[in-house]
Amino acid sequence: MRILYTKDVNTTMISFTGFDKTINNVYKFNQDHVFQYWSDLTDEGKTTLLKELSMVDFELMNKLYHQREIKIAYNLEFDPAPYIPLPKSKRDIEEFEKAREAGIKYIGKGKVAALLVSGGQGTRLGFHGPKGLYPIGPVSDKSLLRIHAEKILKYSEKYGVSIPWCIMTSLDNHDDTVRYFDENRFFNLNKGDVIFFSQKMIPSLNSEGKLILKSKNSIFMNPDGHGGTLTALHASGVLDDLDGRGIESISYFQVDNPMMRIIDPVFIGFHIINNSDVSSKAVRKLTSTEKVGVFVKFNNGKLGVVEYSDLSLDKQNAIDDDGGLKFCMGSIAIHIFNISFVKAITSGKTISLDYHLAKKKIEAYQMEGNVEIDGFKFEKFIFDSLTLTEKNTILETLREDEFAPVKNKSGVDSPETAKELMSNLFRRWLTSKSCEIPDETKMIEISPLLAVEPDDLHDNITIPPEEKVYLE
């Protein structure tokens, strides 16, 4: 291999066999500072750096940097989005039962796959490794991924069909995640029905629009956000795989919600009855300042989500005719996507979803060490796809039944709050079956292999008088 380079990368272009196009792009877009440690690198280190740079869309990064001051504009007026509320009347209950029956029939035909977004690390939780490996079972200490796996196994058994499970990882945790499944024999799932794929990584930029070095031979990159899920499905070939299996709808959820009803026949039933492109679940906001996006209907007729930080104070505090919050339906990252819709928005050459910018502190390699600098991260949001739909359904659900996010090490949305919410849910399930719970019992956990909804539980369950009870 012939290698030519000079120490002064600002005056003489380096050369490395097989990477001419990449090197030319680096200089064309004035990013040659990434070669400042070139003379310190081995051939292997140089190859690593150039391979990373070959994955960078320099034209896109230049465009994103120059658009950084352009805020996502909600120049269209909007009102609260229409939604299906929790059933109250006899007629409502009948409609929900009709949806449930339709959903059960559809699931039983093998038309539904599950899609998990699991690209994050457990850093914010003080946990080393993929976030999905974090132990969250209130009594069992089962990991988030194991709980999701056992739910899918139970759903498959319950509806008499093998449910494909697509798991989107990231460059940071892909190998560790796959290894975890291998070590646990895929939690008794059919290995061929568990499909791993990785999302795209995108560089961050410093305040001057320059790529950030993570080390002498690596640039700082981050996953392109949950909105990148749809393009990753297409680019990885997973979308075609699902289509070939006869899958028509994908149940989307995120790894950090252990109470998620992954395969919900009522939700799926409303989705297919309404012939929706995308369906979403929503919970009623607790307060006007709760940090969740809200579902809205723009005056062009399209539904979407406006982030809490982009909602004006007037709209945040607006009251409806019943004295409640006008913009009350909060997004909790639970959706159903039609395969045909995902294909339609990912098969073209243009970017389907816009990138959002976030100003962040980023650890960069400078002067032989790591320092924290101001920078820009870019990511896509999955809910932006709603504005691309023709038909959309929003279904209200009770947060205490289905929303226990694990995001912070302590306080709100922490493992402690999630475990309490899970235990309370299982307690309500048992109470609905007229089961007596001893006063001594403070924490309860029901294995997904036993039940994924209260109707799965048999009557006359006996709870031992113990502080922590695990039913399996």
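In this predicted model, I107 sits in helix α4. I107 is buried, with a relative accessible area of 1%, because buried means under 20%. Beyond four places in sequence, I107 touches V112, Y159, V161, I263, P265 and I268. N190 is 83 residues from I107 in sequence, and the two C-alpha atoms are 18 Å apart in space.

R100 also has its place in helix α4, which spans residues 90-108. The relative accessible area of R100 is 19%, so R100 counts as buried against the limit of 20%. With residues up to four places away left out, R100 touches P265, V266, E453 and D455. P265 thus appears in the contact list of R100 and in that of I107.

E453, one of the residues in contact with R100, belongs to the loop between β20 (443-446) and β21 (468-471). At 17% relative accessibility, E453 is likewise buried. Outside its neighbours within four places in sequence, E453 is in contact with R100, K158, Y159 and W429. Y159 is listed for E453 and for I107. The chain also brings E453 and D264 to a C-alpha separation of 9.7 Å, although their positions lie 189 residues apart along the chain.

The nonpolar interior was examined next. In soluble globular proteins, nonpolar side chains tend to be buried together. The largest nonpolar core here has 65 residues. Those with the most contacts inside this core are I136, W165, F181, I262, I263, L430 and I446. Helix α5 (residues 144-159) supplies the largest share, seven residues. Apart from this core lies another, of 35 residues. Among its members are A232, L242, C328 and V342.

L430 gives a view of the contacts around one residue of the largest core. Neighbours within four places in sequence aside, L430 is in contact with C435, I437, I444, I446, L457, I461, I463 and L471. Of these partners, I446 is also among the residues with the most contacts inside the core. I263, another residue in that group, is touched by I107 of helix α4.

Two loop residues have an unusual sign of phi for their type. S434 is in the loop between α13 (415-432) and β20. Its phi is near 60°, a positive value in a residue other than glycine. S434 is exposed, at a relative accessible area of 67%, because exposed means over 50%. N460 lies in the loop between β20 and β21, the loop that also holds E453. The phi of N460 is positive, about 65°, although N460 is not a glycine. N460 is exposed, with a relative accessible area of 72%, whereas E453 is buried.

The whole chain was then considered. The protein chain has 13 helices and 21 strands. Its radius of gyration is 24 Å, close to the 23 Å that the globule rule gives for 472 residues, so the chain is as compact as a globular protein of that length. The C-alpha atoms fill a box of roughly 80 × 50 × 45 Å along the principal axes. Buried residues account for 51% of the 472 residues. Of the contacts between residues at least 6 apart in sequence, 72% join residues at least 24 apart.

The accessible surface of the chain comes to about 22,900 Å². Carbon and sulfur atoms hold 47% of this surface. The chain carries 58 positive and 68 negative charges, and the mean positions of the two sets are 3 Å apart.

Note on methods
Residues numbered from 1 in each chain as written. Predicted model: local features only at pLDDT ≥ 70, side-chain atom pairs only at ≥ 80, totals over all residues. Heavy atoms only, no water. Helix = DSSP H or I, 4+ residues; strand = E, 2+ residues; numbered from the N terminus. Rg over C-alpha atoms; globule rule 2.2 N^0.38 Å. Buried < 20%, exposed > 50% of the residue type's maximum accessible area, 1.4 Å probe, protein only. Contact = heavy atoms within 4.5 Å. Areas by Shrake-Rupley, 256 points an atom, 1.4 Å probe, with all protein chains shown as cover. Lys, Arg positive; Asp, Glu negative; His and termini not counted. Charge placed at Lys NZ, Arg CZ, Asp CG, Glu CD. Core = buried A, V, L, I, M, F, W, Y, C linked by side-chain atoms within 4.5 Å.
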